[in-house]
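Colleague: Thanks for making time today. Could you walk me through this model, starting with how its helices pack and then moving on to the DNA?

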Number of protein chains: 2
Amino acid sequence: MNKQKAQPVVGFSQHDHRRCVKKALKEADDYCELNQLRFTVVRRRTLGILLESHMAMGAYEVLERLKLEELGSKPPIAYRALGFLLENGFIHRIERLNAFVACSHPGSTHHPAFLICSDCGSVAEAAVSPNSDALSQTAEQSGFQIEHTTIEAEGQCPDCLQQVES
Amino acid sequence: MNKQKAQPVVGFSQHDHRRCVKKALKEADDYCELNQLRFTVVRRRTLGILLESHMAMGAYEVLERLKLEELGSKPPIAYRALGFLLENGFIHRIERLNAFVACSHPGSTHHPAFLICSDCGSVAEAAVSPNSDALSQTAEQSGFQIEHTTIEAEGQCPDCLQQVES
DNA sequence: TTAGTATTGATATAACATAACATTTTTTAC
DNA sequence: GTAAAAAATGTTATGTTATATCAATACTAA
């Protein structure tokens, strides 16, 4: 096996989730204040909804939740909020699922990679350092200038693997 | 820069495209014969349509082309043919574009990676060897078992970069 | 306070994808 | 060679994801 150092994974481990959500929202509050971004009720609540789950959620699923709370009821409401959150790095889009997930390392610019469990649907985010992977090397070699990368792996998470064994 | 060996890229270079298409179709013919797959008119023509372009094409775009030739006219026709071609490794799906592109290295199982030009829409495929990248390492470390990877980069291809400069 | 800008509300529609079932074609077994 | 089975295609309908457009409201700064 290759011994190059790997990045930590968030999502497949126990943690105090209530606290984790609160902390992330607070960080978003601070970031928006600092950068003079309008962190409106819909936007903040949309982030909250995504934070409350380690699953990726579709836009219409988010919209259902917003409806329950009388915040918007039509697709553009959800898509706009999600767009804001994406732009500012609070969430990521999972292309394979046409879905969105709260960022596990907000604040810092990074090239996220995702591990998607096809059994339970949980999504873990791993930070992959740019320029270290085969893709970047291939791009550089051919003169292609990368602006954004999508790196997603689908398979079985540790928990689901164990359940099959036992 | 990292000097690890990178993989060759097809797509951003000049070549005799007519011959390239013919060769790929012939290879598909042979593969299907060998594996007793039914390479029907619709399936073969669908592959031909994708081969004729280094752009990714949406299913409905492919369907339009099939319509012109009196091969099917309804979405399932295109999606079924694309499904067959995907299953057998003749084409790949580009998640970021909801589109399909002919495989550049058919025949061998591989983990494809794509370089997508956001200016001209061309798509280049690079074969990334499994287990060599940060993603596989992260997965292995956390006990996640990868079954399929999606690796896509969006940016500017060499040709489009040059056009901006000049 | 008013002019400009950003956000939200609402309607409509575009773009992508599949379920379900009928019909036709091909393969296989006899 | 023909009947039964399997695979592929034809067709209708609908489900899912996403955006364009314009009107109304709220916030910001001069």
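Modeller: Gladly! One term to begin with: angles of 65 to 115 degrees count as roughly perpendicular. Please keep in mind that this is a predicted model.

Colleague: How are α2(A) and α4(A) oriented to each other?

Modeller: Helix α2 of chain A, residues 41–51, packs with α4(A) at an angle of about 80 degrees, and their axes are 9 Å apart. That angle lies in the range just given, so α2(A) and α4(A) are roughly perpendicular.

Colleague: Which residues of α4(A) meet α2(A), and how do the residues of this contact divide?

Modeller: From α2(A) come A:V42, A:R43, A:T46, A:L47 and A:L50, which meet A:I77, A:A81, A:L82, A:F84 and A:L85 in α4(A). The residues of this contact divide into eight nonpolar, one polar and one charged.

Colleague: Now to the DNA. Which side chain has a polar atom 2.5 Å from a phosphate oxygen of DNA strand C?

Modeller: There are 16 residues around DNA strand C, and the closest include A:R43 and B:R93. For A:R43, an N or O atom of the side chain is 2.9 Å from a phosphate oxygen of the strand. The 2.5 Å distance to a phosphate oxygen belongs to B:R93.

Colleague: Which element gives the largest share of the surface near DNA strand C?

Modeller: Residues of that surface divide into six nonpolar, three polar and seven charged. The largest share, four residues, comes from α4(B).

Notes:
Residues numbered from 1 in each chain as written. Chains lettered and ligands numbered in written order. Predicted model: local features only at pLDDT ≥ 70, side-chain atom pairs only at ≥ 80, totals over all residues. Heavy atoms only, no water. Near = heavy atom within 4 Å. Polar contact = N/O pair within 3.5 Å; in protein donor to acceptor, adjacent residues only side chain to side chain. Helix = DSSP H or I, 4+ residues; strand = E, 2+ residues; numbered from the N terminus. Nonpolar A, V, L, I, M, F, W, Y, C, P; charged D, E, K, R; others polar. Axes fitted to C-alpha atoms, helices over the stretch in contact; angles between N-to-C directions. Parallel < 35°, antiparallel > 145°, perpendicular 65-115°, else oblique. Contact = heavy atoms within 4.5 Å.
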